[in-house]
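This briefing covers a metal site and a helix pairing. The structure is shown first, and the points follow by topic.

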Amino acid sequence: MTFTLPKLPFDKKELEPYMSENTLNFHYGKHHQTYVDNLNKLIENTPFAQMSLEEIIQKTAGKAEYTGIFNNAAQVWNHSFFWQCLNAKGGKPQGEMLSRIEKDFGSYEKFHEEFKNAALTQFGSGWAWLVEKDGKLAVMKTANADTPIAHNLKAFLTVDVWEHAYYLDYQNKRADFVETFLTKLAYYQK
Ligand code: MN
């Protein structure tokens, strides 16, 4: 199939001042679009053209000959998921997700600290995640394009810590970006 850039679940100005329209113009309009375009070019006239994005990721993960397809497919998935995890009214979760976090991490504060630490200690480019592992919530970080989909894990939240995600709004201050994400923008998925 030919993949297309998914629609953003918010207006580009809606997340200001925490994430600017300028950042989204580049991050969504250029970076994400480029991953979509590259993936379409790479899978054209191959068996991958008949597969879903998740299937492509799972069939190419860890295979040196398919690094280019994996990187672009995983980045398409990761970004599409990241946009779902952003909301102008986001922040600390409520209801069932808050209860699960309190049960599996001890407290929301403990989870916040662990997630932030994963995001800050991801050396270079990558992602921090809240996932379900063996029936329990867990924090993980992935490098470059790597994604929970490649590890058969369900994700509930992610933050992109590639510099392109925050440099225009926060310059080198990744910690400020991650703290703002967790307190103002984070929108937990079911
Ligand atoms: Mn990105």
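His27 has a relative accessible area of 0% and is therefore buried, since burial requires a value under 20%. The model is predicted. In this model, His27 belongs to the set of residues that coordinate the manganese ion, and His27 is also among the helix 1 residues that meet helix 6.

**Manganese site**

- Four residues coordinate the manganese ion at 2.0 to 2.1 Å: His27, His79 and His164, each through NE2, and Asp160 through OD.
- Along the chain, the donors of the manganese ion are spaced as H-x51-H-x80-D-x3-H.
- Distant parts of the chain are linked by the pair His27, in helix 1, and Asp160, in strand 3 (residues 154–160), which lie 133 residues apart.
- Asp160, like His27, is buried: the relative accessibility of Asp160 is 0%, and that of His27 is 0%.

**Geometry of helix 1 and helix 6**

- A packed pair of helices is described by the distance and the angle between the two axes.
- Helix 1 spans residues 21–43 and helix 6 spans residues 163–170; their axes come within 9 Å and cross at roughly 160 degrees.
- Because angles over 145 degrees count as roughly antiparallel, helix 1 and helix 6 are roughly antiparallel to each other.
- The crossing of helix 1 past helix 6 is right-handed.

**Contact between the two helices**

- On the helix 1 side, the contact is formed by Asn22, Thr23, Phe26, His27, His31 and Tyr35; on the helix 6 side, by His164, Ala165, Leu168 and Asp169.
- By class, the residues of this contact comprise four nonpolar, five polar and one charged.
- The contact includes His27 and His164, both of which also coordinate the manganese ion.

Note on methods
Residues are numbered from 1 along each chain as its sequence is written. This is a predicted model: local features need pLDDT of at least 70, side-chain atom pairs count only at pLDDT 80 or more; totals for chains, interfaces and linings use all residues. Side-chain values use heavy atoms; hydrogens and water are left out. Axes are lines fitted to C-alpha atoms, for helices over the stretch in contact, and angles run from 0 to 180 degrees between N-to-C directions. Helices (H or I, at least four residues) and strands (E, at least two) are DSSP runs, numbered from the N terminus. Angles under 35 degrees count as roughly parallel, over 145 as roughly antiparallel, 65 to 115 as roughly perpendicular and the rest as oblique. A crossing is left-handed if the near helix is turned anticlockwise from the far one by less than a right angle, and right-handed if clockwise. Contact means heavy atoms within 4.5 Å. Ala, Val, Leu, Ile, Met, Phe, Trp, Tyr, Cys and Pro count as nonpolar, Asp, Glu, Lys and Arg as charged, and the others, Gly among them, as polar. Donors are N, O and S atoms within 2.8 Å of the metal (3.2 Å for Na, K and Ca); water is not among the atoms, so sites may look incomplete. Buried means under 20% relative accessible area, exposed over 50%, partly exposed in between (1.4 Å probe, protein chains only).
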